[in-house]
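I opened my notebook to look around inside this protein. Here is what I looked up, entry by entry.

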Amino acid sequence: LGFSQAGQAQHYLTGGVHGGFSVPHRPEIRNLVTGHSLGLELGAEWVPNGKREWHHRYSNPTMGLDFFAVDLGNKEQLGSQFSLIPYVRLALSEGWGTHELKMGVGVGYTTKIWDLEDNVKGLVMGSHFNAALLLQYGYRFSVSERLGLIAGLRMNHFSNGAFALPNMGTNNASIYVTARWKTPKQVPEPLPDAVLSNDFPKWKFAISTAIGVRENAPPLGPKYFVFALRAMTERRISFKSGLMASTDVFINPSIKPLLERDGMWQEKNTDLLQVGIAAGYILHFDPMEFHIMMGAYVKNAYSGQGSFYHRFGLRYDVTEHFNV
């Protein structure tokens with residue numbers, strides 16, 4: 001397995017305008033969507049140096065840093081949002097016009113949060129800082145040797161994982177037009193598929209643990225540490241992707257006061273255990289992986305928070321047997 005490389009990596013600068021609306025995925029916040037959203041996108045990106053196999057498998061994708069500012073169309077209750085998201089841009093086709101997918105996970109800041117004195121009706125976000133998720137489809141075509149245009153659909157999601165309530169989350173959908181200008185540096189030569197190796201492990205098993213913090217309703221209450229243990233198996237179906245399944249065990253002390261409130265606490269610590277099964281899809285950017293999963297609880301003493309959960313995540317293989 002060998003890679004050839006010509007010149008230096010290509011660099012790009014991007015800038016675009018967005019118009020859209022907030023998508024209320026909970027009925028409690030529909031009345032807060034009173035206007036259309038307007039956004040601005042700025043970015044810097046580069047083509048990887050071609051030293052890793054996935055650079056060639058994905059036909060020289062680009063990686064970058066996306067800054068996004070959007071007015072959500074309700075200054076009083078929703079305000080504006082800003083996000084800074086590392087991303088990867090993948091080509092889905094080849095030719096003069098290219099279908100593409102851009103995705104990433106980063107950090108976001110929202111100017112308006114719920115407040116008993118100043119924003120009691122804005123029962124959406126409980127923290128200024130949140131996790132930010134970006135998913136964007138586009139159609140890219142060249143105007144000149146240096147200039148390209150991209151048009152498509154973007155979805156920005158903000159959530160704090162119930163670290164601070166309320167945590168209704170926000171989804172902003174927009175259509176956009178972006179200009180993309182490239183520097184005169186050369187791009188690495190793509191390697192023919194025939195030279196690439198198909199020797200990769202088909203199965204992977206892993207055990208992982210995590211810790212988080214959550215809050216119960218109503219807001220401004222105590223915070224509880226939640227522990228998670230996951231046993232996962234993956235069937236890799238190609239170099240790029242795989243299917244995965246997991247069994248998840250959560251030790252969730254925040255359940256106890258909810259069960260006590262509803263008169264259901266039976267003095268059994270096993271009621272603090274939540275057990276779920278999940279399935280999902282993996283994209284490989286060795287040694288990095290991007291996970292999308294949906295799960296359902298099979299043991300859950302308190303059902304007031306729903307029977308399903310989802311997980312978006314990045315995993316990095318530090319060594320063959322250890323990852324974060």
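**Entry 1: buried or not.** Before anything else I wrote down the cut-off: a residue is buried if its relative accessible area is under 20%, and exposed if that area is over 50%. I also noted that this is a predicted model. My test case was Phe285, and with a relative accessible area of 8% it counts as buried.

**Entry 2: aromatic pairs.** How many aromatic pairs does the structure hold? I got nine. One of them is Trp54 with Phe285, an edge-to-face pair at 5.2 Å centre to centre, with 80° between the planes. The two come from distant parts of the chain: Trp54 sits in helix α1 (residues 53-57) and Phe285 in strand β12, 231 residues apart. I checked Trp54 too, and its relative accessible area is 5%, so Trp54 is buried. Ring pairs also bring in Tyr58, giving a cluster of Trp54, Tyr58 and Phe285.

Then I looked at Phe250 and Tyr309. This pair is edge-to-face as well, with 5.6 Å between the centres and 85° between the planes. Phe250 belongs to strand β11 and Tyr309 to strand β14 (residues 308-316), so the pair ties together parts that are 59 residues apart in sequence. Phe250 comes out at 13% relative accessible area, so I marked Phe250 as buried. Tyr309 comes out at 11%, so Tyr309 is buried too.

**Entry 3: charges over rings.** I found Lys102 lying over the face of Tyr87, 4.2 Å from the ring centre. I also found Arg236, whose charged end sits over the ring of Phe239 at 5.2 Å from the centre.

**Entry 4: strands around β12.** Next I followed β12 to its partners. Strand β11 (residues 241-251) pairs with β12 (residues 273-285) in the antiparallel sense, over eleven bridges. In that pairing, Ala245 stands opposite Ala279 of β12. β12 is also joined by eleven bridges to strand β13 (residues 288-299), again antiparallel. Here Gly280 has Met293 in β13 as its bridge partner. β12 and β13 make a hairpin, and I counted two residues between them.

**Entry 5: cavities.** Rolling a probe the size of a water molecule over the atoms shows where empty space is left. Searching the whole structure turned up four cavities of 30 Å³ or more. The largest holds about 80 Å³ of space. Its lining includes Ser22, Val23, Pro24, Leu78, Val124 and Asn171. What classes of residue make up that lining? I tallied seven nonpolar and four polar residues, and no charged ones.

**Entry 6: odd spots in loops.** Which residues does a cis peptide bond join? One such bond joins Leu165 and Pro166, with omega at about 0°. Pro166 is in the loop between β7 (147-159) and β8 (170-182). Another cis bond joins Ala217 and Pro218, also with omega at about 0°. Pro218 lies in the loop between β9 (203-215) and β10 (223-236).

The loop between β9 and β10 also holds Leu220. Leu220 has a phi near 70°, a positive value in a residue other than glycine. Is Leu220 buried or exposed? Its relative accessibility is 66%, so Leu220 counts as exposed. Glu267 is not a glycine either, yet its phi is positive, about 60°. I placed Glu267 in the loop between α2 (255-261) and β12. At 65% relative accessibility, Glu267 goes down as exposed.

Definitions and conventions: Residues are numbered from 1 along each chain as its sequence is written. This is a predicted model: local features need pLDDT of at least 70, side-chain atom pairs count only at pLDDT 80 or more; totals for chains, interfaces and linings use all residues. Side-chain values use heavy atoms; hydrogens and water are left out. On a 1 Å grid over the protein atoms alone, a cavity is a set of points where a 1.4 Å probe fits but cannot get out, and a pocket is an open set with protein on both sides within 12 Å along at least five of seven lines; lining residues have an atom within 4 Å of a point. Grid points are joined across faces, edges and corners, and a volume is the space filled by probe spheres set on the points. Ala, Val, Leu, Ile, Met, Phe, Trp, Tyr, Cys and Pro count as nonpolar, Asp, Glu, Lys and Arg as charged, and the others, Gly among them, as polar. Two strands pair if DSSP finds at least two bridges between them. Helices (H or I, at least four residues) and strands (E, at least two) are DSSP runs, numbered from the N terminus. Rings of Phe, Tyr and Trp (its six-membered ring) pair if their centres lie within 6.5 Å; planes under 30 degrees apart count as stacked, over 60 as edge-to-face and the rest as tilted. Buried means under 20% relative accessible area, exposed over 50%, partly exposed in between (1.4 Å probe, protein chains only). A charge sits over a ring if NZ of Lys or CZ of Arg is within 6 Å of the ring centre and within 35 degrees of the ring normal.
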